[in-house]
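Visitor: Could you take me through this model by way of questions and answers?

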Amino acid sequence: MPEKFTLRIPGGADGKGGVYTETTAPTFARGETDVLFIEGGEPGDCQLVDCVGGRFRVSEDHIYNGYGVPLVEAEKTLSFGGKPHFDLNTMEVPRPDFDKVITQAETIAWLKENQIDESRLDELRKKYEVEAPAFYRINLQAEGISDRDDDSGEEEAGVIDKYRDPLSTTEFFTLLEHFNAELGPPDLKVVEADPGQAFFVKPPVAEPMQEARTVLPKASEEELRERERLDRLSQGDEPDSTVQLR
């Protein structure tokens with residue numbers, strides 16, 4: 001793998017101040033360390049295996065999944081659990097172009113409300129180019145838990161499951177070397193994505209729910225007569241014809 005490699009991942013900035021994200025796709029920021037599992041062949045909508053599932057975060061010498069949940073076991077299957085590291089969920093996007101930002105409906109309304117004429121707009125443009133950072137970081141972590149006291153009167157819930165600490169990077173890479181030796185070299189070459197080529201992720205399609213009908217086989221006449229006989233027998237309407245031998 002070369003020192004620099006371009007991958008196709010859904011999401012990012014639109015250059016106008018808007019940001020697009022998908023819950024099944026990872027977000028990235030500079031300075032992060034990740035382990036990526038990349039699909040071979042021509043680039044698809046997302047070049048990671050299972051998209052966000054193919055991204056592992058490295059933080060403080062431990063391994064987390066793409067959402068920041070600790071990886072605690074990696075044998076035949078992967079096990080995740082323990083305290084999430086949600087502060088890892090960040091996105092870094094480049095500063096949008098000023099002339100594109102002012103075409104947004106919200107910006108147009110703000111300019112009109114504040115009576116920004118062409119001369120003041122030039123001042124804002126110059127100030128924006130000087131003071132606005134080249135990149136800005138968006139934190140996607142979950143909202144914090146409320147500090148409000150519990151008034152339910154019930155006892156505090158205990159821990160259901162206890163997890164070991166996340167796998168260390170040493171443990172993780174040892175396992176990868178073991179699996180790699182078993183699987184051998186990949187069948188397909190990883191193809192670099194062209195950053196100059198636009199691509200569009202197919203929108204999700206809502207499929208109507210259909211009622212599942214189970215057709216049971218029709219009982220035969222003999223089976224129906226036997227059911228009736230057993231029903232009468234259970235109600236005591238018919239003597240048991242069992243023969244006792246002495």
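The turns below go through the fold, the sheet, the pockets and the aromatic pairs of a predicted model.

Visitor: Which pattern does the chain follow when it is read along the sequence?
Guide: In this predicted model, the chain has 5 helices and 9 strands. Of its 246 residues, 23% count as buried. Read along the sequence, these elements give the pattern β-β-β-β-β-β-β-β-α-α-α-β-α-α.

Visitor: Which strands stand at the edges of the open sheet formed by E3, E4 and E5, and why?
Guide: The 3 strands of this open sheet are arranged in the order E3-E4-E5, with antiparallel pairing. Each edge strand has a single partner strand, so one side of it is left without a neighbour in the sheet, and this applies to E3 (33-36) and E5 (62-64).

Visitor: By how many degrees are neighbouring strands of this sheet turned against each other on average?
Guide: The value is an average over neighbouring strands, with their direction ignored. On that basis, the turn comes to 30 degrees.

Visitor: Which residue does Ser 59 stand opposite in E5?
Guide: Strand E4, which covers residues 55-59, pairs with E5 in the antiparallel sense over 3 bridges. Ser 59 belongs to that range of E4, and the residue opposite Ser 59 in E5 is His 62.

Visitor: Which residues lie closest to the centre of the largest pocket?
Guide: The largest pocket has a volume of about 1,500 Å³, and its lining divides into 25 nonpolar, 9 polar and 9 charged residues. Strand E1 (12-13), E3 and strand E8 (90-94) each supply at least two residues of that lining. Of the 43 lining residues of the largest pocket, the closest to the centre are Thr 6, Leu 7, Ile 9, Gly 11 and Phe 28.

Visitor: Which element supplies the largest share of the lining of the second largest pocket?
Guide: The second largest pocket has a volume of about 750 Å³, and among the residues closest to its centre are Phe 37 and Leu 176. Its lining divides into 18 nonpolar, 6 polar and 3 charged residues. Both E3 and helix H4 (169-183) supply at least two of the lining residues, and the largest share, 6 residues, comes from H4.

Visitor: How are the rings of Phe 56 and Phe 172 arranged as a pair?
Guide: The structure holds 4 aromatic pairs. In the pair of Phe 56 and Phe 172, the ring centres are 5.4 Å apart and the planes stand at 45 degrees, so the arrangement is tilted.

Visitor: Which distant parts of the chain does the pair of Phe 56 and Phe 172 link?
Guide: Phe 56 and Phe 172 are both buried, and they form one aromatic cluster together with Phe 37 and Phe 173. In sequence, Phe 56 and Phe 172 are 116 residues apart, and the parts that their pair links are strand E4 and helix H4.

Visitor: Which helices hold Phe 98 and Tyr 128?
Guide: Phe 98 and Tyr 128 form a tilted aromatic pair, 5.3 Å from centre to centre and with 50 degrees between the planes. The pair ties together parts that are 30 residues apart in sequence, because Phe 98 lies in H1 (residues 98-101) and Tyr 128 in H3 (residues 118-131).

Visitor: Is Phe 98 buried or exposed?
Guide: The relative accessible area of Phe 98 is 8%. A residue counts as buried under 20%, so Phe 98 is buried.

Definitions and conventions: Residues numbered from 1 in each chain as written. Predicted model: local features only at pLDDT ≥ 70, side-chain atom pairs only at ≥ 80, totals over all residues. Heavy atoms only, no water. Pairing = 2+ DSSP bridges. Helix = DSSP H or I, 4+ residues; strand = E, 2+ residues; numbered from the N terminus. Axes fitted to C-alpha atoms, helices over the stretch in contact; angles between N-to-C directions. 1 Å grid on protein atoms, 1.4 Å probe; cavity = no way out; pocket = protein on both sides within 12 Å on 5 of 7 lines; lining within 4 Å. Points joined across faces, edges and corners; volume = space filled by probe spheres on them. Nonpolar A, V, L, I, M, F, W, Y, C, P; charged D, E, K, R; others polar. Phe/Tyr/Trp six-rings, centres within 6.5 Å; stacked < 30°, edge-to-face > 60°. Buried < 20%, exposed > 50% of the residue type's maximum accessible area, 1.4 Å probe, protein only.
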